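Reader: I am new to this structure and would like a close look at a single part of it. Please pick one helix, describe it, and then work outwards to what surrounds it.

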Amino acid sequence: MEAESAAVPSRPKNAVVILLDSLNRHMLGSYGGKEFATPNLDAFAAGAIQFEKHYAGSLPCMPARHDILCGALDFLWRPWGSIEIWEDAITRHLHKAGVVSQLISDHPHLFEMGGENYHADFSAWDYQRGHEGDLWKTRPDTTWMGAPGFGRPWQPYDNSRGYFREESDFPGPKTMAAAAKWVDENAGYHDRFFLFIDEFDPHEPFDTPEPYAKLYDDTWEGPHLIWPPYHAAAQRKGILTERQAFQVRSQYGGKLTMIDHWFGKVMESLERNGVLEDTAVIVCTDHGHYLGERDIWGKPAVPVYEPLGHIPLMIRWPGIEPSVSNALTTSVDIFATLCDLFGIEPEHRTHGKSLIPLVTGAAKSVREWALLGVWGREVHIVDNEAKYARAPENGNFPISMWSNRWSTMPVHIPNPPPNLPRPDERAFLDRMPGTRVPVIRQPFQPGDMLPHWASTRFTGNYLYRPGQDPDEEENLVGRSLEREMADKLRQALLSIEAPDDTFIRFGLS
């Protein structure tokens, strides 16, 4: 008599993706964090597959969302932008397949130049106003006296903040409450659905009401330090004192604990409505946030060290027992997983691998390497042994921007606005690498003002073994391993048909 084969879990009908912005992996209890309380995220992890080697791909905010919603690495072609005319977000395919999609978010970049069309193909979208750079109010409420910003100029948040009186008025709680309400009102109504909760917390400003504001620093006097400086070596340079550093970090912790509380309300709504029985729930982030690790604060122009690039990913899958996966994964794999779940085959070039074989136990790994970085900065490759950051060799040139939707990161500062680069007479029509799609290619040259982060100096190459050296203290550059990783990086770039100037710029020709 033949042995019975193991039952194969059925595919869930629905998916919920909860993206918490700037979520630091090493601060979550389920990943070993002990500094701040995250009971609801920890409880979710206890019932999920927790991924230990998940890395960001394109950074920062909008490039990461392009990875997740379009499935194509963004950072080698452009710094920041919308969905291009040659590609479709997963929501367009879902619409064709009869799957209802809902976006609920307080993320202002989704509704600014360079991010404005990601919401367009959702069946419906709900924008909760007032976070960070959201141009919401034209005058401040006088109850808000402002907060120190370490040289940061006026922000739209300074107009919005006075209108938040209770905890439930803050953008993060409003967003999570709106998501819970959507579940209450829609559970069981749609045949299939995709709910994308793009929650901008715990991103700065790290502003919370009591009890969170004093939860981890109850002796601070004066306005709370809710705006972190964007500097490397900030304490060594005297930009902030040790006491101020503790206060900034504690304010991030307060916001993390606050949004964890409201995350719990979303999970309660999924549970009481029976949604978890046939729904995959993915909890992820776009990137981490430096809060003093290596004396780095914010997201300044430095290589992508572990706190920023090594990020959490947890997937709760009906019928699958909780476990820990040590397989290497990256942000574009979330798109591939959703396509696999809903039976979608994208028409444009993508770079992800479905994680469903890892979730079901059908495979132990889906990729041998992952690429990550910021446009115009170092390019990084991670494998199961090492992480290699390679800097440009000759002053960051040649470099081009490839896009038919020219845009850069919006910056809200007083007049005059920064003189950001625009297409000029050097631009020409090229073909998107690996395709026959015509695309505007804008080459830059020394003396040009480059988009954000790309104009700052570089400090060389970096090579670490994070598994053995989690704090990345021993730079292994110059050893034989660097030659191996450089060759692997070159082969990885060739496999995704990276722009030709990439190989020259990094000395990989």
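Author: The part chosen here is helix 5, whose buried residues are covered by, among others, strand 1, strand 4, strand 5, strand 6 and helix 6. The model is a predicted one.

Helix 5 runs over residues 171–186. At 1.5 Å a residue, its 16 residues should span 22 Å, and the end C-alpha atoms are 22 Å apart, which agrees. Of these 16 residues, 12 are buried, so helix 5 is largely enclosed by the rest of the structure. The buried residues begin with Pro-171, Gly-172, Pro-173, Lys-174, Thr-175 and Met-176. Further along come Ala-178, Ala-179, Ala-180, Trp-182, Val-183 and Asn-186. Just after the helix, Gly-188 takes a positive phi of about 85°.

Next, the strands beside it. Helix 5 lies across strand 1, strand 4, strand 5 and strand 6, and its direction makes about 170° with strand 6. Helix 8, residues 332–342, also packs on the sheet, where it touches strand 1, strand 2, strand 6, strand 8, strand 11 and strand 12. The direction of helix 8 is at about 165° to that of strand 1.

The sheet is open and has 8 strands in the order 5-4-6-1-8-11-2-12, with mixed pairing. Strand 5 (124–127) and strand 12 (323–330) stand at its edges; each has a single partner strand, so one side of each is left without a neighbour in the sheet. On average, neighbouring strands are turned by 15° against each other, direction ignored. Strand 5 pairs with strand 4, residues 100–105, in the parallel sense over 4 bridges. In this pair, Leu-103 stands opposite Trp-125 of strand 5.

Helix 6, which also helps to cover helix 5, spans residues 242–272. Its 31 residues should span 45 Å at 1.5 Å a residue, and its end C-alpha atoms are 45 Å apart, which agrees. Of the 31 residues, 22 are buried, so helix 6 too is largely enclosed by the rest of the structure. Just after helix 6, Gly-274 takes a positive phi of about 70°.

Both helices feed the largest nonpolar core, which has 46 residues; Ile-18, Met-176, Leu-270 and Met-314 have the most contacts inside it. At least two residues each come from strand 1, helix 1, helix 5, strand 6, helix 6 and strand 8. Helix 6 gives the most, with 11 residues. Another core, of 43 residues, lies apart from this one and includes Ala-15, Phe-196, Ile-320 and Phe-335.

Met-314 shows what such a core residue meets beyond its neighbours within four places in sequence. Its contacts include Leu-28, Tyr-31, Leu-41, Phe-44, Ala-45 and Ile-49. Val-281, Ile-282 and Val-283 are also in contact with Met-314.

One loop residue completes the view. Thr-208 lies between strand 6 and strand 7 (231–232). Buried means under 20% relative accessible area, and Thr-208, at 5% relative accessibility, counts as buried. Not counting residues up to four places away in sequence, Thr-208 touches Phe-170, Ala-213, Gly-254, Lys-255 and Met-258. A polar atom of the Thr-208 side chain lies 3.2 Å from the backbone nitrogen of Ala-213.

Methods:
Residues numbered from 1 in each chain as written. Predicted model: local features only at pLDDT ≥ 70, side-chain atom pairs only at ≥ 80, totals over all residues. Heavy atoms only, no water. Core = buried A, V, L, I, M, F, W, Y, C linked by side-chain atoms within 4.5 Å. Buried < 20%, exposed > 50% of the residue type's maximum accessible area, 1.4 Å probe, protein only. Contact = heavy atoms within 4.5 Å. Pairing = 2+ DSSP bridges. Axes fitted to C-alpha atoms, helices over the stretch in contact; angles between N-to-C directions. Expected span 1.5 Å × (residues − 1). Polar contact = N/O pair within 3.5 Å; in protein donor to acceptor, adjacent residues only side chain to side chain.
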